[in-house]
Amino acid sequence: MHRLLNQRNVLGLLFMLPTAVLLLLFLTYPLGLGTWLGFTDTKIGRSGEWVGLENYRFLIDDSLTLLALFNTLFYTVLASVFKFILGLWLALLLNRNLPFKSFFRTVILLPWIVPTALSALAFWWIYDAQFSVVSWLLVKMGVIDHYIDFLGDPWLARISTIIANVWRGIPFVAISLLAGLQTISPSLYEAASIDGATRWQQFRFVTLPMLSPIIAVTMTFSVLFTFTDFQLIYVLTRGGPLNATHLMATLSFQRAIPGGALGEGAALATMMVPFLLAAIMFSYFGLQRRAWQQGGD
């Protein structure tokens, strides 16, 4: 036993064992069970029978499922783009020698650490058709003459939920990219400045290439978090109005739990996996092509 514990590989496996057990119980087993249920007609309170691809055939032809897929892709793409742009801008700003820099770096994390349900309730009040502070300010400024029903119009509701998601997700992107900016050597900027590079050229040819690995990893996680978002949408709109904000995650829950069709809901959730794998593979192969990160030329 003493000889085994002195071996690096054995000791490494023992250290990873608790995490492996947790992942097996709380990740692998639910994923496997959900995949199995997707091929059955299981209902709440009744064990189902194997139906093969019947649930998936129904979902592919279901107009509400296609609408939820469109909403999910629209929500994910727009929110991720704005989180990246604003998060990068904020990271560059916080990377400068500003007064009270540490304080601002701490405060910027608040939207990320506040519970999602609490954030959604705050935005629910902000978007309220009668008590919206945004509508009140715009009326007082004379910009509009009546209150806006942010969550009552389908497209306004889509944009409103995206804004709420961007507000919550910016801190994660900003802090992650800020950590990457801290690893870039100042000598690179000094050399570029001596060569006559402008601020934009330094950003384009020094900052972005050196930051690209962090950008790839950070945005992969951001896309995964956004694509699988549930709490924000469920608390804010419950998928309404007219199913305009239903994402695949919220529709899956609605079909499985309130609707009682566990098999159909599990199949809908399983249909999200290929999109998530595509996002991961895009990031992985994008990093693999950068030979200089692995010591190549």
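**Figure 1. Meet the whole chain, a predicted model.** Of the 297 residues in the protein chain, 35% are buried. The chain holds 15 helices and zero strands, so what you see here is built on the DSSP helices numbered from the N terminus. Taken along the principal axes, its C-alpha atoms fill a box of roughly 80 × 70 × 35 Å. About 18100 Å² of the protein chain is exposed, and carbon and sulfur atoms supply 70% of that area. Looking at contacts with a separation of 6 or more, 67% join residues 24 or more positions apart.

**Figure 2. Helix H9 packs with helix H11.** Let us begin with H9, residues 154–182, and H11, residues 199–227. The two helices pack at an angle of about 150°, and their axes are 9 Å apart. Since angles over 145 degrees count as roughly antiparallel, H9 and H11 are therefore roughly antiparallel to each other. Their crossing is right-handed. On the H9 side, the contact is made by Asn165, Phe172, Val173, Ser176, Leu177, Gly180 and Leu181. H11 brings Thr207, Leu211, Ile214, Ile215, Thr218, Met219, Phe221, Ser222, Phe225 and Thr226. Sorted by class, the residues of this contact are 10 nonpolar and seven polar, with no charged ones.

**Figure 3. Helix H9 also packs with helix H4.** Now stay with H9 and turn to another partner, H4, which spans residues 63–94. H4 and H9 pack at an angle of about 40°, with 6 Å between their axes. They are therefore oblique to each other. Here too is a right-handed crossing. In the contact of H4 with H9, 24 residues are nonpolar, five are polar and two are charged.

**Figure 4. Helix H13 is largely enclosed by the rest of the structure.** This close-up visits H13, residues 248–256. Seven of its nine residues are buried, and so the helix is largely enclosed by the rest of the structure. You can find the buried residues by name: Met248, Ala249, Thr250, Leu251, Ser252, Arg255 and Ala256.

**Figure 5. The neighbours of helix H13.** Which helices do the buried residues of H13 pack against? They pack against H3 (54–60), H4, H11, H12 (231–236) and H14 (262–270). Two of these names may be familiar by now: H4 packs with H9 at an angle of about 40°, and H11 packs with H9 at an angle of about 150°.

How values were computed: Residues numbered from 1 in each chain as written. Predicted model: local features only at pLDDT ≥ 70, side-chain atom pairs only at ≥ 80, totals over all residues. Heavy atoms only, no water. Axes fitted to C-alpha atoms, helices over the stretch in contact; angles between N-to-C directions. Helix = DSSP H or I, 4+ residues; strand = E, 2+ residues; numbered from the N terminus. Parallel < 35°, antiparallel > 145°, perpendicular 65-115°, else oblique. Left-handed = near helix turned anticlockwise from the far one by under 90°. Contact = heavy atoms within 4.5 Å. Nonpolar A, V, L, I, M, F, W, Y, C, P; charged D, E, K, R; others polar. Buried < 20%, exposed > 50% of the residue type's maximum accessible area, 1.4 Å probe, protein only. Areas by Shrake-Rupley, 256 points an atom, 1.4 Å probe, with all protein chains shown as cover.
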